[in-house]
Amino acid sequence: MQAYDPLADERTPEGPQFDVFLAGTVFLDIIFTGLPAMPAAGTEIWAEGMGSCPGGIANLAIATSRLGLRTSLAAAFGDDDYGDFCWRTLEEQESVDLSRSRRFEHWHSPVTVSMAVDRDRSMVTHGHPAPMAASEMIGKPPRSKAVIVPLSTEEPLDSPDSPVNWAELARRDGALIFADVGWDPSGAWSRSLLDQLALCHAFMPNAVEAMAYTGADTPRDALYTIADKVPVAVVTDGANGAMAIDSATGEEAFVPAPRVTALDPTGAGDVFGAGFVLGTLCRWPLSDRLAFAQLCAALAVQQFGGSLAAPGWGDIADWWHEVRDSADHSGAYGSSLARRYAFLDKLVPVEPVGAVRRAAATIARYADVGLQLPGTRPNRPEDEDPGTPGVPAQKE
């Protein structure tokens, strides 16, 4: 069945091959959930759930693909079983194009173990630098409507002392650059990093990052500083919502986050970014772009496991239909949600044909993330699903 395409009316025969092109590091994520506490030295703790999925840049690739954006990813993959699993899951299950990705012999796939405790997470990661720089591996990127990149001092967008960055090549070919930024473990938070925004269409940091890189005292002050440097400035502030300024249209918006019980924030920023890119490519008003991105992130944090949690249009339709149908008897908050997200009724008045929902992927025979109830005994071999080992388990 053809997947639901929210950009179907925007496509032309001469248009770009892809909606989004990405590059970065793919990790094998192993997620343990439902831990009562972190294990003390010399002790063992049983987790209530466990799952495995591609992580790192794969979080963003899966999030954009599940929203119907034609997504291509350039990444290094090892020739080990971990690399096989991540490649197969991305290409076959999640419909991510890997024609610009490469397999490398004798290179160990990066691995992250994530442990969720009391709505927070701790991680342990092992990996080695990729055998080849992204720009060297990609060469000339395929034509795309958008690229999403992290600002970096290692591979800057505009360095006169190094070859032209792949994202700059994509921009010259018509792509919009959406930038984000990561945590600076050095604590330097160099403001010169923001000079790269001269090449970008949008910048989407969280509130902590935005204030650190601008020196502002509040997220809103940081937003205004960023808006002087880039056409579209966005600052996310977790449960407090998100704010943005679109200098090209003169729009300014603040949208509160939907109320949810957050179980795992892993990948929420990636899901937000995917939603905002989709809204931009669809030419939605700024407030609708923010609201949609907030909804995607809110749906994701209610599930465990990074890319496992990214919503598809089936999940979005389910949520909207429940909100719409209960608006008349769910109080002021329910009515407010129905008004804020009324634009979804034009997109998903019924469940779209080809809409996808979240899928659970696992190397093991059975993915029990979110399935085992607290207080039950661990699964024994005879309790497991007798399905084929190594085949991704679909969860509807």
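The following exercises, each with a worked solution, concern a predicted model of a protein chain.

**Exercise 1. Overall composition**

Determine how many helices and strands the protein chain has, and what share of its residues counts as buried.

*Solution.* Begin with the secondary structure: the chain holds 11 helices and 14 strands. Next, take burial: 52% of the 396 residues count as buried. Then consider the surface, where about 18,300 Å² is exposed and carbon and sulfur atoms supply 52% of that area. Finally, turn to the contacts with a separation of 6 or more: residues 24 or more positions apart account for 71% of them.

**Exercise 2. Cysteines**

Establish how many disulfides the model contains, and state the position of Cys53 in this respect.

*Solution.* The criterion is a pair of cysteine sulfur atoms within 2.5 Å. Applied to this model, the criterion gives a count of 0 disulfides. For Cys53, the nearest cysteine sulfur belongs to Cys86 and is 8.2 Å away, and Cys53 is in no disulfide. As to accessibility, Cys53 counts as buried because its relative accessibility is 1%. Cys200 is likewise buried, with a relative accessible area of 5%.

**Exercise 3. Nonpolar cores**

Identify the residues that touch the most other members of the largest nonpolar core, and the helix that contributes the largest share of this core.

*Solution.* The largest nonpolar core has 71 residues, of which Leu73, Phe276, Phe292 and Leu344 touch the most other members. Helix 8 (residues 286-301) gives this core its largest share, 10 residues. Apart from this core lies another, of 41 residues, including Ala76, Ala175, Trp189 and Ala216. Now examine Leu344: leaving aside residues up to four places away in sequence, Leu344 touches Phe292, Leu295, Ile316, Trp319, Trp320 and Pro349. As a general background, nonpolar side chains in soluble globular proteins tend to be buried together.

**Exercise 4. The buried side of helix 6**

State which residues of helix 6 are buried, explain why they lie on the same side, and list the elements they pack against.

*Solution.* In helix 6 (residues 219-227), the buried residues are Pro219, Ala222, Leu223, Ile226 and Ala227. These residues cover an arc of only 135 degrees around the axis, and therefore lie on the same side of helix 6. The general principle is that an α-helix has 3.6 residues a turn, so residues three or four places apart point the same way. The packing partners of the buried residues of helix 6 are strand 11 (202-203), helix 5 (207-214), strand 12 (232-236) and strand 13 (242-246).

**Exercise 5. The open sheet**

Give the strand order of the open sheet of 8 strands, name its edge strands, and describe how strand 12 is joined to strand 13.

*Solution.* The order is 4-1-9-10-11-12-13-14, and the pairing is mixed. Strand 4 (71-74) and strand 14 (251-255) are the edge strands, since each pairs on one side only. Strands 12 and 13 run antiparallel and are joined by 5 bridges. In strand 13, Met243 is the bridge partner of Val235.

**Exercise 6. Two polar residues**

Decide whether Asn59 and Arg339 are buried or exposed, and locate each in its helix.

*Solution.* Asn59 is found in helix 1 (residues 57-66). With a relative accessibility of 8%, Asn59 counts as buried, because the cut-off for burial is under 20%. Not counting residues up to four places away in sequence, Asn59 touches Asp29, Pro54, Gly267, Asp270, Gly306 and Ser307. Arg339 is found in helix 10 (residues 331-340). Its relative accessible area is 61%, so Arg339 is exposed. The C-alpha atoms of Arg339 and Arg324 are separated by 9.0 Å, the two residues being 15 residues apart along the chain.

Note on methods: Residues numbered from 1 in each chain as written. Predicted model: local features only at pLDDT ≥ 70, side-chain atom pairs only at ≥ 80, totals over all residues. Heavy atoms only, no water. Buried < 20%, exposed > 50% of the residue type's maximum accessible area, 1.4 Å probe, protein only. Core = buried A, V, L, I, M, F, W, Y, C linked by side-chain atoms within 4.5 Å. Helix = DSSP H or I, 4+ residues; strand = E, 2+ residues; numbered from the N terminus. Contact = heavy atoms within 4.5 Å. Arc of directions from axis to C-beta. Areas by Shrake-Rupley, 256 points an atom, 1.4 Å probe, with all protein chains shown as cover. Pairing = 2+ DSSP bridges.
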